[in-house]
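User: Please take a close look at a single part of this model, the disulfide and its surroundings, and set out in one connected account what is found there.

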Amino acid sequence: QVNLAESGGGAVQPGGSLRLSCAASGKFLVFNTMGWYRQAPGKQRELVAAFTRGGRTNYTDSVKGRFTISRNNAQTAVYLQMNSLKPEDTAVYYCRVVVAGWGTEFWGQGTQVTVSS
């Protein structure tokens, strides 16, 4: 089993910042990909940012220049620094990892991000 513990969500005003964290269990596991998705009410879950298997970063166009994904050296935690937040960023944000060798994906419990005046 792999557990993903998310934190860092909250309510902020437009233009504010938040930093999301996701810590992955399974100390001896290697994760091929680590990333963040979000889902707004009534909408489909979408990719926000992710590390690919090759170590590159991908961002959805709407967050480029505002969000930055990073991870720790052990590659057991992934973070999302969110700056210049907009109301349309309001969603539940989910951490996702894929375990090397297994090819199995695991999701965090989600953390709410609300951006409003």
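Analyst: A residue is called buried when its relative accessible area is under 20%, exposed when it is over 50%, and partly exposed in between. The model discussed here is predicted. Cys 22 has a relative accessibility of 1%, so this residue counts as buried. For Cys 95 the value is 0%, and Cys 95 therefore counts as buried by the cut-off of under 20%.

These two cysteines form a disulfide, with 2.1 Å between their sulfur atoms. The structure holds one such link. The angle about the S-S bond is -80°, and the link of Cys 22 and Cys 95 is left-handed. Cys 22 belongs to strand 3 and Cys 95 to strand 9, so that distant parts of the chain, 73 residues apart, are linked by the pair. In general terms, a disulfide is a covalent bond between the sulfur atoms of two cysteines.

Both strands also take part in the largest nonpolar core. This core has 28 residues, of which Trp 36, Leu 80, Met 82 and Tyr 93 touch the most other members. The elements that give two or more residues to the core include strand 3 (18-24), strand 4, strand 8 (77-82) and strand 9 (91-99). Strand 9 gives the most, with five residues.

Strand 9 also holds Arg 96. With a relative accessibility of 18%, Arg 96 counts as buried. Its side chain makes a polar contact with the side chain of Glu 105, at 2.8 Å. Leaving aside residues up to four places away in sequence, Arg 96 touches several residues, among them Leu 4, Met 34, Tyr 37, Phe 106 and Trp 107.

Two of these contacts of Arg 96, Tyr 37 and Trp 107, also bring their rings together. There are two aromatic pairs in the count. In the pair of Tyr 37 and Trp 107 the ring centres are 5.1 Å apart and the planes stand at 65°, so the arrangement is edge-to-face. Because Tyr 37 lies in strand 4 (residues 31-39) and Trp 107 in strand 10 (residues 104-107), the pair ties together parts that are 70 residues apart in sequence. Tyr 37 is buried, at a relative accessible area of 18%, whereas Trp 107 counts as partly exposed, at 31% relative accessibility.

How values were computed
Residues are numbered from 1 along each chain as its sequence is written. This is a predicted model: local features need pLDDT of at least 70, side-chain atom pairs count only at pLDDT 80 or more; totals for chains, interfaces and linings use all residues. Side-chain values use heavy atoms; hydrogens and water are left out. Rings of Phe, Tyr and Trp (its six-membered ring) pair if their centres lie within 6.5 Å; planes under 30 degrees apart count as stacked, over 60 as edge-to-face and the rest as tilted. Helices (H or I, at least four residues) and strands (E, at least two) are DSSP runs, numbered from the N terminus. Buried means under 20% relative accessible area, exposed over 50%, partly exposed in between (1.4 Å probe, protein chains only). A nonpolar core is a set of buried Ala, Val, Leu, Ile, Met, Phe, Trp, Tyr and Cys residues joined through side-chain atoms within 4.5 Å. A polar contact is a pair of N or O atoms within 3.5 Å; within protein, one must be able to donate a hydrogen and the other to accept it, and residues adjacent in sequence count only if both atoms are side-chain atoms. Contact means heavy atoms within 4.5 Å. A disulfide is a pair of cysteine sulfur atoms within 2.5 Å.
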